[in-house]
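Biologist: I am new to this structure and would like a close look at a single part of it, explained slowly, with each term made clear when it is used. Please begin with the aromatic rings and then follow the charged side chains.

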Amino acid sequence: MTKITFTRLSEIAVEDIAEHMSDPALALHMPLLQGNWDERRTADFVTMKDAKWAQDGLGHWAILADGAYVGWGGFQREGSDWDFGLVLKPSAFGLGMRITLQALEFAHRDERIPSVTFLLPPSRTKLGALKRMGAEFEGEITYDGARFRKYRLVTSAA
């Protein structure tokens, strides 16, 4: 079975992340993904994500499958919410649910995270797994000019 581990994005070669973020398949469900992902832009992105760790004590991880980089994701503070995002290489799309469940195990153990939100673009139509996890639809929002459907999953008993 594939071993999934999380590490800091800064541990991954910038060119690997730039190549990943330049894959046209990602743009299908990422309305905020625009422009060219060269090494400079990618380095700025990694620096910004590291700053979230310094600011909030939590952020996005690089995700490894058997030690190889397959994407990034995790929890980022959005106002009073902890939003979960996951951006995998197309070759790793099949690992999405396993990675999500592993990350949610972390959230259930972390008292800072009473609930997790998921912001999904309207292009995401297969929502059965999200509903089976217990996430509830809260409504539509606009974020950076793009429309998203917002779901929430309670992660604490409080």
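Which residues do ring pairs link into a cluster?

Modeller: Before the answer, a word on the source: this is a predicted model, in which local features need pLDDT of at least 70 and side-chain atom pairs count only at pLDDT 80 or more, while totals for chains, interfaces and linings use all residues. Residues are numbered from 1 along each chain as its sequence is written, and side-chain values use heavy atoms, with hydrogens and water left out.

The cluster is made of F6, W53, W61, F75, F84, F106 and F118, which are linked by ring pairs. Rings of Phe, Tyr and Trp (its six-membered ring) are paired if their centres lie within 6.5 Å, and the planes count as stacked when under 30 degrees apart, as edge-to-face when over 60, and as tilted for the rest. In the whole structure there are 11 aromatic pairs. One of them joins F6 and W61, whose rings are stacked, with 4.5 Å from centre to centre and 5° between the planes. Because F6 lies in strand β1 and W61 in strand β2, this pair ties together parts that are 55 residues apart in sequence. Strands are DSSP runs (E, at least two residues), as are helices (H or I, at least four), and both are numbered from the N terminus.

The partners of that pair can also be described by their cover, where buried means under 20% relative accessible area, exposed over 50%, and partly exposed in between (1.4 Å probe, protein chains only). F6 counts as partly exposed because its relative accessibility is 24%, whereas W61 is buried, with a relative accessible area of 8%. A further pair in the structure is formed by F75 and F84, and here the arrangement is tilted, with the centres 5.3 Å apart and the planes at 50°. F75 counts as buried at 0% relative accessibility, and F84 is likewise buried, with a relative accessible area of 8%.

From the rings we can turn to the charged side chains, beginning with strand β1, where F6 is found. This strand covers residues 4-8 and also holds R8, which is linked to D50 in helix α2, so distant parts of the chain, 42 residues apart, are connected here. The link itself is a salt bridge between the side chains of D50 and R8, at 3.7 Å from N to O, the term meaning a side-chain nitrogen of Lys or Arg within 4 Å of a carboxyl oxygen of Asp or Glu. Both ends count as partly exposed, D50 at 21% relative accessibility and R8 at 31%. By this rule the count of salt bridges comes to 7.

Helix α2 also carries a salt bridge within itself, since D44 and R40 both lie in this helix, 4 residues apart, or about one turn of the helix. Their side chains meet at 2.5 Å from N to O. R40 is exposed, with a relative accessible area of 56%, while D44 counts as partly exposed at 38% relative accessibility.

Another salt bridge joins the side chains of D110 and R112, again at 2.5 Å from N to O. Here D110 is buried, with a relative accessible area of 12%, and R112 counts as partly exposed at 35% relative accessibility. Elsewhere, salt bridges that share partners join D81, E138, K150 and R152 into one network.

Two loops between strands deserve a careful look for their backbone. D66 lies in the loop between β2 (60-65) and β3 (68-78), and its phi is near 50°, a positive value in a residue other than glycine. D66 counts as exposed at 54% relative accessibility. In the loop between β6 (136-143) and β7 (146-154) we find D144, whose phi is likewise near 50° and positive, although this residue is not glycine. D144 is exposed, with a relative accessible area of 65%.

Finally, R124 is placed in the loop between β5 (115-120) and α4 (128-132), and it counts as partly exposed at 35% relative accessibility. The C-alpha atoms of R124 and F148 are separated by 9.6 Å, and these two residues are 24 residues apart along the chain.
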